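Me: Could you pick one part of this model and take a close look at it for me? Once that's done, I'd like you to work outwards from there in one go.

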Amino acid sequence: MSHEQTPQIHGATAGGQDLDRADAALPARFEDPGLPEHRLRQADIDPAADKRAERQVVAMFALSVIGTVGFLIAYFALPPGETVASMRLSNIALGLSLFLAMFGIGAAAVHWAKTLMSDHERQEARHPQRSDAATREAALATLREGAEDSGIGRRGVLKGAVVSAVALAPLTVAVPLIGEVGGDWNVSKFRHTLWERGKRLARDPSGEPIRAADVTIGSVFHVIPENLREADHWIEEKAKAVVLMVRMDPRDLKEPTERAGWSYDGIVAYSKICTHVGCPVALYEQQTHHLLCPCHQSTFDMSDGAKVVFGPASRPLPQLPITVDDEGYLIAQDDFDEPIGPSYWERLR
Amino acid sequence: MKAIAARRHHRFAPVVLLALALVLTGGLYAALAPSAEGAAAPTTDDVEAGRALFVANCATCHGVNAEGRDGNPTLIGVGAASVDFQVSTGRMPMQLEGPQAAAKPPQFDREEIDQLAAYVASLGPGPAVPSAEQVDPALGDPANGGAIFRTNCAMCHGAIGAGGALSEGKYAPALAQSTPTEIYTAMLTGPQSMPVFNDANITPEEKRDVIAYLEEQKNGSPGGTSLGSIGPVGEGIWIWVVGMGLLIASAVWIGAKSS
């Protein structure tokens, strides 16, 4: 106990002493220290320095003139032309001369003000914002007169009409605004893509359907649903429906029993949208069967259900169940069985 | 001339004219039509010479009959295109174990590469080396090539083919130094980590478009310096360090008192 109390008492005494000393030193009111003392510059004392500063400012303005002349010469003598080299030359010449023309004026103005113009700092007290009594009285009288003239105090119905109209008018802005927001609250649209039973897999960007025989081992196909462009909002639909399809030796493929039959002879198709934050994940290494996301290096094993083997993604890529129709074209068996892309609150509802 | 003009209404004149036109068309076609074979067809001697080169330089890893051994791939059925790509870029013969075989000065001259390719092609059917016309960038459409490149290639090789990193030390090489034939054979055969883009996935015309697109990139950027063309990281460093640095330096200069 005593061991603990001693430092407390000691501390309290020390603190009290500090407080006393501070109280004694503090003035009742801080004095405004005012502006720092004015120091003369080189150019104020030495005429040679003054002349030198003037020449520097002139040189900067001259630089600007050179830039302007250079710009005009470049504009007429170096047209962008047809080749990349001539465009590059034109861009660089125009850009550099424009920089000189503008920066020369700016730098000269700053240097002029800093070295040659008066550098005495001045204070100017702010004038009071309150108007004088006579002006205030006149304004109030005008308002009162206007209110009396309108008769708003006497005509109750008119007053009600004004208030109603003004209160209701903002609805013309507010209702559409809130209505538009409401349109995007439909989260269920993230759950479904254009894929459906029998939809053919097609090449991105040409839209040609793909035959299973064309997908040789080691190939990677970037896939969109056939007739994608006929869909409403096809770009949004493409962003959800893009698929990456590869073929590997069927012996390399590990398939869980509940997904048996989702691949076709070593051809597997997975959503191309990363489950981390939705980048298109498409760096496929055909020797390791690893698929790498360029944004945060999430790595998925395409031979093992697109499981995450590295990186921040937390779920495997959704698999698109595929098969072949009687003409030999690859088709989807169904939509993805889970929402594609990154997590969101309502995902599992 | 007058004698011919006098007979222009003869009843055999159309027949003669038709015969002349046919001869002319046939002659022009024979003279101008591209030959189907890009290079002279390999002879038995080439295949034999290629086999000798193969046994001396490649058989240690790929097996005496190219059957593959100890995890090294078989070369039966990879075709001449694969040999042409791997050997002409110096990736094969591989000199060092590593994440991937790096490009280096080729170890064989053109004739030896053709002989090796002829030997490997004789082992089993595989993709052939493209003809000069198939890889001529002047015949391709760079705009369509750009669309195909962005969909199929840009994720690894970057938007204009400046290359990029893959996992565990592997990388997608920059394409600025690649010849049109190398670009074509790489797509066709899928060397190392790169997937295969066969002719059903990217048609030969589309491959030529991609080559035309990459050829356009060699002209550089119309905006000035490309900053390595590695995307937002390089450009971001430039603007945050150099651009913002200049702005801060200007602000400090404007605010400082003159001495």
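Reply: Leaving aside its neighbours within four places in sequence, Cys153(B) touches Ile148(B) and Gly158(B). Keep in mind throughout that this is a predicted model. Cys153(B) sits in the loop between helix H7 (142-152) and helix H8 (154-157) of chain B. With a relative accessibility of 10%, Cys153(B) falls under the 20% cut-off, so it counts as buried.

I picked this residue because of an annotation. In an unreviewed entry, UniProt puts the feature "binding site" at Cys153(B), Cys156(B) and His157(B). That annotation may be inferred rather than shown by experiment.

Now for Cys156(B), another residue on that UniProt list. Cys156(B) is in helix H8 of chain B. At a relative accessible area of 15%, Cys156(B) is also on the buried side of the 20% line. Again setting aside neighbours within four places in sequence, the contacts of Cys156(B) within chain B are with Gly163(B), Gly164(B), Leu166(B) and Ala172(B). Then there are two from the other chain: Leu283(A) and Tyr284(A) also contact Cys156(B). So following this one cysteine takes us from the annotated positions straight over to chain A.

That makes the interface the obvious next stop. In total, 33 residues of chain A are in contact with 34 residues of chain B. The area buried between chain A and chain B is about 2,800 Å², with 55% of it on carbon and sulfur atoms. On the chain A side, Lys114(A), Arg203(A) and Glu285(A) supply 19% of the area that chain A buries against chain B, more than any other three residues. The rule finds three salt bridges across the interface. At 3.2 Å, N to O, Lys257(B) and Glu121(A) form a salt bridge through their side chains.

Arg203(A) is worth following into chain A, since that residue turns up in the interface trio and also in a sheet, where it stands opposite Val223(A) in S2(A). The sheet is open and antiparallel, with four strands of chain A in the order S1-S2-S3-S4. Its edges are strand S1 (201-203) and strand S4 (267-271) of chain A, each pairing on one side only. From one strand to the next, the twist averages 40°. S1(A) pairs with strand S2 (residues 220-225) of chain A in the antiparallel sense, over three bridges.

Strand S3 (residues 243-247) of chain A brings in another charged pair. Arg247(A) and Asp265(A) make a side-chain salt bridge at 2.9 Å, N to O. Arg247(A) lies in S3 of chain A and Asp265(A) in the loop between S3 and S4, so the pair ties together parts that are 18 residues apart in sequence. The two ends don't share the same surroundings: Arg247(A) is buried, at 12% relative accessible area, while Asp265(A) is partly exposed, at 48%.

A shorter-range pair in chain A joins the side chains of Lys240(A) and Glu237(A), with a salt bridge of 3.9 Å, N to O. Lys240(A) and Glu237(A) are three residues apart in helix H8 (residues 234-241) of chain A, so about one helical turn separates them. Both of these residues are buried.

Back in chain B, Lys218(B) and Glu215(B) form a salt bridge through their side chains at 3.5 Å, N to O. Here both partners are partly exposed, Lys218(B) at 40% relative accessibility and Glu215(B) at 28%. In chain A, salt bridges with shared partners link Arg41(A), Asp44(A) and Asp119(A) into one network. Over all chains, the rule's count comes to 17 salt bridges.

Finally, stepping back to chain A as a whole: it has eight helices and 10 strands. Of its 349 residues, 31% count as buried. Among contacts in chain A between residues at least 6 apart in sequence, 57% join residues at least 24 apart.

Technical notes
Residues numbered from 1 in each chain as written. Chains lettered and ligands numbered in written order. Predicted model: local features only at pLDDT ≥ 70, side-chain atom pairs only at ≥ 80, totals over all residues. Heavy atoms only, no water. Pairing = 2+ DSSP bridges. Helix = DSSP H or I, 4+ residues; strand = E, 2+ residues; numbered from the N terminus. Axes fitted to C-alpha atoms, helices over the stretch in contact; angles between N-to-C directions. Buried < 20%, exposed > 50% of the residue type's maximum accessible area, 1.4 Å probe, protein only. Contact = heavy atoms within 4.5 Å. Buried area = accessible area lost by both parts, 1.4 Å probe. Salt bridge = Lys/Arg side-chain N within 4 Å of Asp/Glu carboxyl O.
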